[in-house]
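The following exercises train the reading of a protein model. Please attempt each task before reading its solution.

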Amino acid sequence: MQKPHITIDLSPHLHDFLYHEFPESTDAVVLTLASDVGKYINSMVSISDRPVKPVDMVNPISIILPVQEWNHYILEHNFLQVIKWKEKMIQDYLESVWRLRVREYFTTGYEKGFKQDTIINAFLMAYNIRKNRFTYDQIKKIDYRNRQKAIGEVAKEIQLSLFE
């Protein structure tokens, strides 16, 4: 019997992120409900009594869904799909969680006195993200924007205290 699965379109760095989040995965991501990411993706799946037309995807990834006592019949006897707007919600959610992880990595790395380049390389290695100019620069930009935001907050706080 084939395991229930869906296929969605995700950026390559989010493929690597999902494989990091669900390490028991090999060819397809094996979703578990033990994490918030797994619960969210699982909640976006819809069922249909008719087959779904395949859609062209740039970066498809297959996700195997968890089968439990309460959903096994539904998953075995219906067609599964993620409609376009829910797929977009999954993409946005995964991107925001990924950016939070980058921010946490940098915060901890800077607290420990590491340099930006060392933190970026450590993050890429830890999340098994293929190092290329795009991912390196993307992570660097996220750190830059986070630091600019922090500097802006400090400036606002100083200005407010000047006028008290």
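Two strands pair if DSSP finds at least two bridges between them. Helices (H or I, at least four residues) and strands (E, at least two) are DSSP runs, numbered from the N terminus. This is a predicted model, in which local features need pLDDT of at least 70 and side-chain atom pairs count only at pLDDT 80 or more, while totals for chains, interfaces and linings use all residues. Residues are numbered from 1 along each chain as its sequence is written, and side-chain values use heavy atoms, with hydrogens and water left out.

**Exercise 1. The sheet**

Determine the order in which the three strands form the sheet, and describe the pairing.

Solution.

Step 1. Recall the general principle: strands of a sheet pair through backbone hydrogen bonds, either parallel or antiparallel.

Step 2. Strand 1 and strand 4 run antiparallel and are joined by five bridges. In this pair, T7 stands opposite S62 of strand 4.

Step 3. Strand 2 pairs with strand 4 (residues 60-64) in the parallel sense, over two bridges. Here V29 is the residue opposite I63 in strand 4.

Step 4. The sheet is therefore open and mixed, with the order 1-4-2. Strand 1 (5-9) and strand 2 (29-30) are its edge strands, each pairing on one side only.

**Exercise 2. Two histidines of helix 1**

Decide whether H13 is buried or exposed, and whether H15 is buried or exposed; then list what each residue touches.

Solution.

Step 1. Fix the terms. Buried means under 20% relative accessible area, exposed over 50%, and partly exposed in between (1.4 Å probe, protein chains only). Contact means heavy atoms within 4.5 Å. A polar contact is a pair of N or O atoms within 3.5 Å; within protein, one must be able to donate a hydrogen and the other to accept it, and residues adjacent in sequence count only if both atoms are side-chain atoms.

Step 2. Locate the residues. H13 is in helix 1, and H15 is found in helix 1.

Step 3. Apply the cut-offs. H13 has a relative accessible area of 5%, so H13 is buried. H15 has a relative accessible area of 14%, so H15 is buried.

Step 4. List the contacts, leaving aside residues up to four places away in sequence. H13 touches E95, W98, I129, T135 and Q138, and its side chain makes a polar contact of 2.9 Å with the side chain of E95. H15 is in contact with L10, N59, P60 and I61. A polar atom of the H15 side chain lies 3.1 Å from the backbone oxygen of L10.

**Exercise 3. Two loop residues**

Classify S11 and N59 by accessibility, and find how far apart the C-alpha atoms of N59 and P12 are.

Solution.

Step 1. S11 belongs to the loop between strand 1 and helix 1. Its relative accessibility is 31%, so S11 counts as partly exposed.

Step 2. N59 belongs to the loop between strand 3 and strand 4. Its relative accessibility is 26%, so N59 counts as partly exposed.

Step 3. N59 and P12 are 47 residues apart along the chain, and their C-alpha atoms are separated by 6.8 Å. Beyond its neighbours within four places in sequence, N59 is in contact with residues including S11, P12 and H15.

**Exercise 4. Helix 4 and the core**

Check whether the span of helix 4 agrees or disagrees with its number of residues, and state which element gives the largest share of the largest nonpolar core.

Solution.

Step 1. The expected span of a helix is 1.5 Å times one less than its number of residues. The 28 residues of helix 4 should therefore span 40 Å; the end C-alpha atoms are 41 Å apart, which agrees.

Step 2. A nonpolar core is a set of buried Ala, Val, Leu, Ile, Met, Phe, Trp, Tyr and Cys residues joined through side-chain atoms within 4.5 Å. The largest one has 34 residues, and I6, L18, I41, L94 and W98 touch the most other members. Helix 4 gives the largest share, six residues.

Step 3. Among the buried residues of helix 4 are I90, L94, E95 and W98. The elements that cover the buried residues of helix 4 include strand 1, helix 1, helix 5 and helix 6.
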